[in-house]
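Work through the exercises below with the model in view. Try each task before you read its solution.

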Amino acid sequence: SARIRISENVLIWADIIYVMEQKHKRRIQEKYNRQEIMDKIEVLDIPDENQFMDHVLIEILKMHLNHLF
């Protein structure tokens, strides 16, 4: 249900890949099983239960990624 689907090219291009849950990392590994991609993935351990652009989710993401802001 993602608005933008990932591709191998996008994953290779990215410096860091953030995923919400471990299951998201597993899905990427199942489809693209390349070490250069897997090494870039950081799991945030945030349950994927919020709506897109939910204000609570945005605050949780800011807390986890505050070093980027």
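Buried means under 20% relative accessible area, exposed means over 50%, and partly exposed lies in between (1.4 Å probe, protein chains only). This is a predicted model, in which local features need pLDDT of at least 70 and side-chain atom pairs count only at pLDDT 80 or more, while totals for chains, interfaces and linings use all residues. Residues are numbered from 1 along each chain as its sequence is written, and side-chain values use heavy atoms, with hydrogens and water left out.

**Exercise 1. Two unusual backbone angles**

Task: Find where aspartate 45 lies, and decide whether it is buried or exposed.

Solution. Start with the place. Aspartate 45 sits in the loop between strand S2 (41-43) and helix H4 (55-64). Helices (H or I, at least four residues) and strands (E, at least two) are DSSP runs, numbered from the N terminus. Next, the angle. Aspartate 45 has a positive phi of about 55°, although it is not a glycine. Last, the accessibility. Its relative accessible area is 59%, so aspartate 45 is exposed.

Task: Do the same for methionine 53: what is its phi, and is it buried or exposed?

Solution. Methionine 53 is also placed in the loop between S2 and H4. Its phi is positive, about 65°, and it is not a glycine. Its relative accessibility is 52%, so methionine 53 counts as exposed.

**Exercise 2. The overall layout**

Task: Give the order of the elements in the protein.

Solution. Count them. The protein has four helices and two strands. Then read from the N terminus: the order is α-β-α-α-β-α. Now add the extent. The C-alpha trace spans about 35 × 25 × 20 Å along its principal axes.

Task: What share of the residues is buried?

Solution. The protein has 69 residues, and 25% of them are buried. Turn to the surface. The accessible surface comes to about 5,600 Å², and 52% of it belongs to carbon and sulfur atoms. These areas come from the Shrake-Rupley method with a 1.4 Å probe; for residues, only the protein chains shown count as cover.

**Exercise 3. The cores**

Task: Which residues form the largest nonpolar core, and which elements give two or more residues to it?

Solution. First the term. A nonpolar core is a set of buried Ala, Val, Leu, Ile, Met, Phe, Trp, Tyr and Cys residues joined through side-chain atoms within 4.5 Å. The largest one has nine residues: Leu11, Ala14, Ile17, Val19, Ile28, Tyr32, Ile37, Met38 and Ile41. Strand S1 (17-19), helix H2 (22-32) and helix H3 (35-38) each give two or more residues to this core. A second, separate core has five residues, including Met20, Leu44, Ile46 and Leu57.

**Exercise 4. One face of a helix**

Task: Name the buried residues of H2 and say where they point.

Solution. The buried residues of H2 are His24, Ile28 and Tyr32. Seen down the helix axis, they fall within an arc of 45°, so they line one face of H2. The arc is that of the directions from the helix axis to the C-beta atoms. Now find their partners. These buried residues pack against helix H1 (8-13), S1, H3 and S2. Contact means heavy atoms within 4.5 Å.

Task: Which residues does histidine 24 contact, leaving aside neighbours within four places in sequence?

Solution. Histidine 24 is in helix H2. At 14% relative accessibility, it counts as buried. With those neighbours left aside, histidine 24 is in contact with Val19 and Asp48.

**Exercise 5. Apart in sequence**

Task: What does leucine 61 touch, not counting residues up to four places away in sequence?

Solution. Leucine 61 is placed in helix H4. Its relative accessibility is 23%, so it counts as partly exposed. With that exclusion, leucine 61 touches Met20, Leu44 and Ile46. From leucine 61 to leucine 44, the C-alpha distance is 8.5 Å, while the two are 17 residues apart in sequence.

Task: How many residues separate glutamine 22 and aspartate 45 in sequence?

Solution. Glutamine 22 lies in helix H2. It counts as partly exposed, at 38% relative accessibility. Glutamine 22 and aspartate 45 are 23 residues apart in sequence and 7.1 Å apart in space, C-alpha to C-alpha.
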